Amino acid sequence: MDLGVRDRVYAITGGTRGLGRAAAEMLAAEGARLVVSSRNAATVRQAAADLGGPGRAVGVAADLADPATPQRLIDAATAEFGRLDGALLSIGGPPTGQVATTGDDAWRTAFESVFLGPLRAARQIAERLDGGGAIAFVLSTSVRQPIPGLSTSNGLRPGLAMAAKTLADELGPRGIRVVGLMPGRIETDRVRELDAAADDPAAVRARHEASIPLRRYGQPVEFGRVAAFLLSPAASFVSGAMIPVDGGLLRGL
């Protein structure tokens, strides 16, 4: 299938590693042009080079929690490529912790990065999109069921999913689509870190794998394929949906 993204331009936050990088690689392979961002300038430069370099990919060192970041992404896209067709909004996971012991400051920090940063970027990027544009939020299965030990994710991602759904209603008349992706246990650095923090990492992994109907962790490329499709014109009638990429982990319809 031709996804129809050749020479379309997408901003990918968190695009230097993990799920964001996987999506960026799939879009690049389909001929898209990319603006990739993360907080580390060196890794951003390397990612842009890996994804095609000048004329195909440009890097922006930026933190999505910074209110100036969305405009910087927009400016980079228009300066380098003359257009912007969509965005994948991905951020690193918030710290682990329990609801009962996570203090106010930790919640405020998580809100700025996990909720407000992506939502702010979506609002500002949407102003620059025409019909056929798409915005995808990288969420989590915590949208639908809590993940033990990830209190701030459990508290904030369901709210962001509902905001994304509402934004899809608001932008739909302009032909702009908004979707959310809910990755489950995908084998990224983040998931490896969570497993490694347990007393018995091998047992934890085995337990998680047993809870997934496919009996394995997903690979980043499997997430990247879904993300690239949803951002592409090939998914032109998909909007407002929260799509699990979890091997069947979520039990509800």
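Below are some exercises on this predicted model, each with a worked solution.

Residues count from 1 along each chain as its sequence is written, and side-chain values use heavy atoms, with hydrogens and water left out. Because this is a predicted model, local features need pLDDT of at least 70 and side-chain atom pairs count only at pLDDT 80 or more, while totals for chains, interfaces and linings use all residues.

**Exercise 1. Work out the strand order of the sheet, and find its edges.**

Step 1. Start with the elements: helices (H or I, at least four residues) and strands (E, at least two) are DSSP runs, numbered from the N terminus. Two strands pair if DSSP finds at least two bridges between them.

Step 2. Read across the sheet. Seven strands line up as β3-β2-β1-β4-β5-β6-β7, with parallel pairing, and the sheet is open.

Step 3. Look for strands that pair on one side only: these are β3 (57-61) and β7 (242-245), the edge strands.

Step 4. Check the twist. Ignoring direction, neighbouring strands are turned by 20 degrees against each other on average. The axes behind such angles are lines fitted to C-alpha atoms, for helices over the stretch in contact, and angles run from 0 to 180 degrees between N-to-C directions.

**Exercise 2. Find the bridge partners in β2 of valine 9 and alanine 11, then decide whether β1 is buried or exposed.**

Step 1. β1 and β2 run parallel and are joined by five bridges.

Step 2. Go residue by residue: valine 9 has arginine 33 as its partner in β2, and alanine 11 has valine 35.

Step 3. Now burial, where buried means under 20% relative accessible area, exposed over 50%, and partly exposed in between (1.4 Å probe, protein chains only). Five of the five residues of β1 are buried, so the rest of the structure largely encloses this strand.

Step 4. Sort the β1 side chains by face. Val9, Ala11 and Thr13 sit on one side, Tyr10 and Ile12 on the other, and all are buried, so both faces are covered. In a regular strand the side chains alternate between the two faces of the sheet.

Step 5. Try the neighbour too: β2 (residues 33-38) has five of its six residues buried, so β2 is also largely enclosed by the rest of the structure.

**Exercise 3. Describe how α1 packs on α8.**

Step 1. Two packed helices are described by the angle between their axes and the distance between the axes. For α1 (residues 18-29) and α8 (residues 220-231), the axes come within 7 Å and cross at roughly 60 degrees.

Step 2. Classify that angle. Under 35 degrees counts as roughly parallel, over 145 as roughly antiparallel, 65 to 115 as roughly perpendicular and the rest as oblique; α1 and α8 are therefore oblique to each other.

Step 3. List who touches whom, with contact meaning heavy atoms within 4.5 Å. The α1 side includes Leu19, Ala22 and Met26, and the α8 side includes Phe223, Arg225 and Leu231.

Step 4. Place α8 against the sheet: this helix lies across β1 (9-13), β4 (86-89), β5, β6 and β7, running at about 170 degrees to β6.

**Exercise 4. Do the same for α4 and α5.**

Step 1. The axes of α4 (residues 104-128) and α5 (residues 151-171) come within 10 Å and cross at roughly 15 degrees. That makes α4 roughly parallel to α5.

Step 2. Pick out contact residues: among them are Trp107, Phe111 and Phe115 of α4, and Leu156, Arg157 and Leu160 of α5.

Step 3. Tally by class: 14 nonpolar, four polar and one charged. Here Ala, Val, Leu, Ile, Met, Phe, Trp, Tyr, Cys and Pro count as nonpolar, Asp, Glu, Lys and Arg as charged, and the others, Gly among them, as polar.

**Exercise 5. Locate aspartate 195, valine 204 and serine 142, and list their contacts beyond four places in sequence.**

Step 1. Aspartate 195 is in α6 (residues 189-196) and counts as buried at 7% relative accessibility. Its contacts are Arg185, Pro201, Val204, Arg205, His208 and Tyr217.

Step 2. Valine 204 is in α7 (residues 201-211) and is buried at 12%. Valine 204 touches Asp195 and Ala198.

Step 3. Serine 142 is in the loop between β5 and α5, buried at 3%. Ile147, Ser153, Asn154, Arg157 and Pro158 are in contact with serine 142.
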